[in-house]
Amino acid sequence: MSQGDDDLPHRKITRLPWYDYAGRGGYSVTICTWQRAELFGKIYDGKMLMSREGEIAASDWLQIPTHYPKIVLNVFVIMPNHMHGILFLPQAEYDEALRIGPDTASRVPTRTFGPLHPCSLHTIVGNYKAGVTRKIRATVNQPIIVWQSRFHEHIIRDEVDLSNHQQYIKNNPSNWERDKHNPDFVE
C-alpha cells in the first residue's frame, strides 16, 4: 500500500507567495542549528564566545559578498544554537540576472515554489548553510547535521523596522537568559 499525499505531514508555508524574494529588499534572517544544538559556542557574561564551528559560521557569513558582490551585509550575530543577520539584495543584482536571455523575465519565479532564482534570498541562505556545513564536517571529520532544514526571514519594511531588528540582533547575547532559543530558558 503506497502512502498518499494526504498521509504526509504538511508544513506551514511561511513565505509570502506574492513576494519576490530575489528583488530589491532588506531581510532579517534567523537560522537555527539542528535540534538547537549549542554548536557555535557559549554565552558568558552577556558575550558570545565562539567555538571553532561558530567562527566558521561567522567567517562564511562575512564571505557572502564575495560570492554575491552586490549583496550588502548589515549587523549579524552568531549565538550558541542559531544566528541572526540582516542583508540587502539590490535591484541591480536581480536586473543583471534577468539579462541572461530575452525571455528570461517570464521564467524567473516570483515566489519560492519551484526553481530558485540564482540571486534569491533562499539561494543565498541555502549556499551559506551548505558552505558552513561542508567546512564544519571537514573540521570534525564526520557527517554531522549542522542546520535545521528551514530558516526564518523577515522583510525589512522601513527604517524603524530596520532599527528594531538591528537592536534585537546587537542585544541578543546579553538577552540570552531570556531567549526562546536558549535551552535553559524557562518562562
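# Exercises on a predicted model

The protein has five helices and six strands. The model is predicted.

**Exercise 1. Set out the order of helices and strands along the sequence.**

Solution.
- Start with the inventory: five helices and six strands.
- Now read along the sequence. The pattern is β-β-β-α-α-β-β-α-α-β-α.

**Exercise 2. Find how much of the protein is buried, and how its contacts are spread along the sequence.**

Solution.
- Take burial, with the cut-off at under 20% relative accessible area. Buried residues account for 43% of the 187 residues.
- Turn to contacts between residues at least 6 apart in sequence. Of these, 67% join residues at least 24 apart.

**Exercise 3. Decide which parts of the model can be read in detail, using pLDDT.**

Solution.
- Begin with the average. The protein has a mean pLDDT of 80, and 73% of the residues score at least 70.
- Go to the elements. Helix H1 (residues 52–62) has the highest mean pLDDT, 98. Helix H3 (residues 91–98) has the lowest, 43.
- Locate the weak stretches. Residues 1–5 have pLDDT below 50, with two contacts in the model beyond near neighbours in sequence. Residues 92–115 also have pLDDT below 50, and this stretch has 32 contacts beyond near neighbours in sequence.
- Apply the rule: where pLDDT is low, predicted coordinates should not be read in detail.
- Carry it over to the model. Residues 1–5 and residues 92–115 are stretches with pLDDT below 50.

**Exercise 4. Describe how strands E4 and E5 are arranged.**

Solution.
- Place the strands: E4 covers residues 72–78 and E5 covers residues 82–89.
- Give the sense of pairing. E4 and E5 run antiparallel and pair over five bridges.
- Look at the connection. E4 and E5 form a hairpin, with three residues between them.
- Fix the register with one pair: Phe76 stands opposite Gly85 in E5.
- Add a general point on side chains. In a regular strand they alternate between the two faces of the sheet.

**Exercise 5. Characterise the second largest pocket: its volume, its lining and the elements behind that lining.**

Solution.
- Volume: the second largest pocket holds about 190 Å³ of space.
- Lining: the residues are Asp60, Gln63, Ile64, His67, Tyr68, Ile124, Asn127, Tyr128, Gly131, Arg134 and Lys135.
- Elements: helix H2 (64–67) and helix H4 (121–140) each give two or more residues to this lining. H4 supplies the largest share, six residues.
- Chemistry: the lining splits into four nonpolar, four polar and three charged residues.

Terms used: Residues numbered from 1 in each chain as written. Heavy atoms only, no water. 1 Å grid on protein atoms, 1.4 Å probe; cavity = no way out; pocket = protein on both sides within 12 Å on 5 of 7 lines; lining within 4 Å. Points joined across faces, edges and corners; volume = space filled by probe spheres on them. Helix = DSSP H or I, 4+ residues; strand = E, 2+ residues; numbered from the N terminus. Nonpolar A, V, L, I, M, F, W, Y, C, P; charged D, E, K, R; others polar. Pairing = 2+ DSSP bridges. pLDDT = per-residue confidence, 0-100. Contact = heavy atoms within 4.5 Å. Buried < 20%, exposed > 50% of the residue type's maximum accessible area, 1.4 Å probe, protein only.
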